[in-house]
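The report below was prepared for a reader who wishes to follow secondary structure, helix packing and internal space in one chain. Please keep the sequence and the coordinates at hand while reading.

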Amino acid sequence: MKIRAAKLAIATLACALAIAITGGTAAADEGWVIKSFQSKIRINPDSSIAVQEDITVDFGSLQKHGIFRTIPVRYQYDKSQDRYYNLDVKAVTDGQRPLQYSTNVYGANLVIKIGDPDLMVSGVNRYVISYFVQGAMNRFRDHDELFWNVDGDQWPVAKESVTANVTAPAGAWTELACYQGPSGSREACPTSALNNFITFSSTRRLAEGEQMSIAVSLVKGAVNVPPPLLTARDRQFPEDAFDRNPLTIGLGALILICGIALIAWNWWRHGRDRAYLGHYYSAPSDAAEHAEPLFQHEPVVVEFEPPQSLKPAQLGLILDESADPKDVTATIVDLAVRGFLTITDIPGIFGSHDWLLTQKQGDLASLLPYERTLLGGLFAGRQDVKVSELKGKFRSTLQEAEGQIVTDAMSRRLFTTKPSVARSGWGCLGTAILIAGAFATFQLGIHFGWGVIGLAVVLVGMVLIATSKNMSQRTAAGHDLLRKTLGFRLYMGTAEKYRQQFAEKAEIFTQLLPYAIVFGVVNRWAKAFEGIDTSASNGWYVGNAPFQAALLSSSLQSMNDNISSAISASPPSSGSGSGFGGGGGSGGGVGGGGGGSW
């Protein structure tokens, strides 16, 4: 109901705007008019009707091929059935000579297209359409009835006059009614009868969207009216697409359960990390492996130094299986600690900060490929750069460095497949299943009412997409490194327990600071060094206050946020664009329809 109300509101607003713009006329001016619409109807003893429509139109100076006449031949009867009418076109003339025409059924309508595609006409033209209809009469307990929409309300132009002449069996008719106006109108129009010849006529010009409808009541049995012609009703989406019965619910549930079971099995086989059968092998490449037990996890043991002397970004990848902005920040700080650059904190207004990165001489050959890439992306032939200047210019560097970090991990056999490839592969499969499910939902729903079954496929696709991030798999070596990395993170996260050791070795603060950034424990790491002089280990950071662990951690956290913003910003577009934006009644019977010109 809310959706319908919204559509109605939008339609009302559109109409109001159209009226305001055109000065009171919402409809477009077609430039032609129907001068007269005359219909002759004969009710036959078998209840079929013969109809002759004599339509005179004036195209004025317009060049047209002709007109088309649209007549509904199918109506909704009840929730499961449609009523249909057999309509057979007998002839189309201009009153004297046959005219070229074609007929086609579009949905619930029969369309008669009249005119020669190689010939244009203008001015006044006459079209006489003769057709035969079966199934149009209605039978009731005490009478039979013809309720007929003469001209239809789907014409895009006005009709200056509409008349209908009905010939009924002698002595058959008992009551007459005539309505004119928009659909549902009970505005009466006059009727007259002479014996079995009945006349109906409009009293005024009928505008676009208006029509004339007539009703003739006959004595019961005057004509032989059979039961209505019924056929299975075409389903509408989504109203009729989701039949809920034991079959559809059962099949839908089975598909959903089996689909989720397959996803779980796939994760069991390809998503769980591998693990060594024993503990700490000296030659892991020769050690036997198995899938990590699901409910059996060994406790994390504290590690006091970076596992395998790996760099912060390398441990960041083994932790979350992706290179991200904090890995870049950690690498920049690590390069600074190792003497390849200096970081200068530049205070701004209202407490804002920027950071000047200055390159220093160093042995670039000793760097890992991704470290060289990051240095090259930062400086690009210049000696220094501000973090604020990286915005929109650093994404390609990050992507290249990320690929190199992953390549390094794959060379160490830490993953069975590249994490991004595993995630995207299963994500694409889930998307394909979702699309297939959506297609199946519509097709099964519109044809059989089995949309619930297709919906189950959609849900399977959604579950696979949601779980695709868990489908990457570490090797036993990678899993072993993860455990040690978690142990190292535990050490740094509980660093206050080791303050006495830090007092004896204060330089460890800056040496391990890049790892604290990766692990997200910078503040805890700095708090462990409160009251301990760490300035002697600093030669890479320049601030406006005495070197303190807490101040440095706050500055680096802010720098990480700015680098994240710089990385996420897309390069400026080279495209161009604008600088601006911002019971009875009219239409209640059968027949009718409308038409147009072409």
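What follows describes sheets and hairpins, then helix packing, then the largest cavity.

## Basis of the description

This is a predicted model, in which local features need pLDDT of at least 70 and side-chain atom pairs count only at pLDDT 80 or more, whereas totals for chains, interfaces and linings use all residues. Residues are numbered from 1 along each chain as its sequence is written, and side-chain values use heavy atoms, with hydrogens and water left out.

Helices (H or I, at least four residues) and strands (E, at least two) are DSSP runs numbered from the N terminus, and two strands are said to pair if DSSP finds at least two bridges between them.

## The two open sheets

One open sheet consists of three strands in the order β4-β5-β18, and its pairing is antiparallel. Its edges are formed by β4 (74–76) and β18 (230–232), each of which has a single partner strand, so one side of each is left without a neighbour in the sheet. On average, and with direction ignored, neighbouring strands of this sheet are turned by 35° against each other; the axes behind such angles are lines fitted to C-alpha atoms, for helices over the stretch in contact, and angles run from 0 to 180 degrees between N-to-C directions. Between β4 and β5 (residues 81–84), which run antiparallel, there are three bridges, and R74 lies opposite Y84 in β5.

The other open sheet has four strands, ordered β23-β22-β21-β24, and its pairing is mixed. Here β23 (384–386) and β24 (541–542) are the edge strands, and because each has a single partner strand, one side of each is left without a neighbour in the sheet. Seven bridges connect β21 (residues 341–347) with β22 (residues 353–359) in the antiparallel sense, and T344 has L356 in β22 as its bridge partner.

## Strand β13 and the hairpins

Strand β13 (residues 173–182) is joined to β17 (residues 210–219) by nine bridges, the two strands running antiparallel, and within this pairing C178 has I214 of β17 as its bridge partner. Strand β13 also pairs with β14 (residues 187–188), again in the antiparallel sense, over two bridges, with Y179 standing opposite A188. Four residues lie between the strands in the hairpin of β13 and β14, and G184 takes a positive phi near 95° there.

A further antiparallel pairing links β15 (residues 191–194) to β16 (residues 197–201) through four bridges, in which F200 of β16 is the bridge partner of T191. The hairpin of β15 and β16 has two residues between the strands, and in this hairpin N195 takes a positive phi near 60°.

## Packing around helix α8

The axes of α2 (residues 246–271) and α8 (residues 451–467) come within 8 Å and cross at roughly 20°, which means that α2 is roughly parallel to α8. In this scheme angles under 35 degrees count as roughly parallel, over 145 as roughly antiparallel, 65 to 115 as roughly perpendicular and the rest as oblique. The crossing of α2 and α8 is right-handed, a crossing being right-handed if the near helix is turned clockwise from the far one by less than a right angle, and left-handed if anticlockwise.

Helix α7 (residues 419–448) packs against α8 at an angle of about 170°, with the axes 7 Å apart, and the two helices are therefore roughly antiparallel to each other. The crossing of α7 with α8 is left-handed. The contact of α7 with α8 contains 15 nonpolar, nine polar and no charged residues, where Ala, Val, Leu, Ile, Met, Phe, Trp, Tyr, Cys and Pro count as nonpolar, Asp, Glu, Lys and Arg as charged, and the others, Gly among them, as polar.

## The largest cavity

The largest cavity has a volume of about 60 Å³. A cavity is a set of points, on a 1 Å grid over the protein atoms alone, where a 1.4 Å probe fits but cannot get out, and lining residues have an atom within 4 Å of a point. Its lining includes L310, Q314, D408, R412 and F415, and by class the lining residues are eight nonpolar, one polar and two charged. Both α3 (312–320) and α6 (395–411) supply at least two residues each to this lining.

Conventions
1 Å grid on protein atoms, 1.4 Å probe; cavity = no way out; pocket = protein on both sides within 12 Å on 5 of 7 lines; lining within 4 Å. Points joined across faces, edges and corners; volume = space filled by probe spheres on them.
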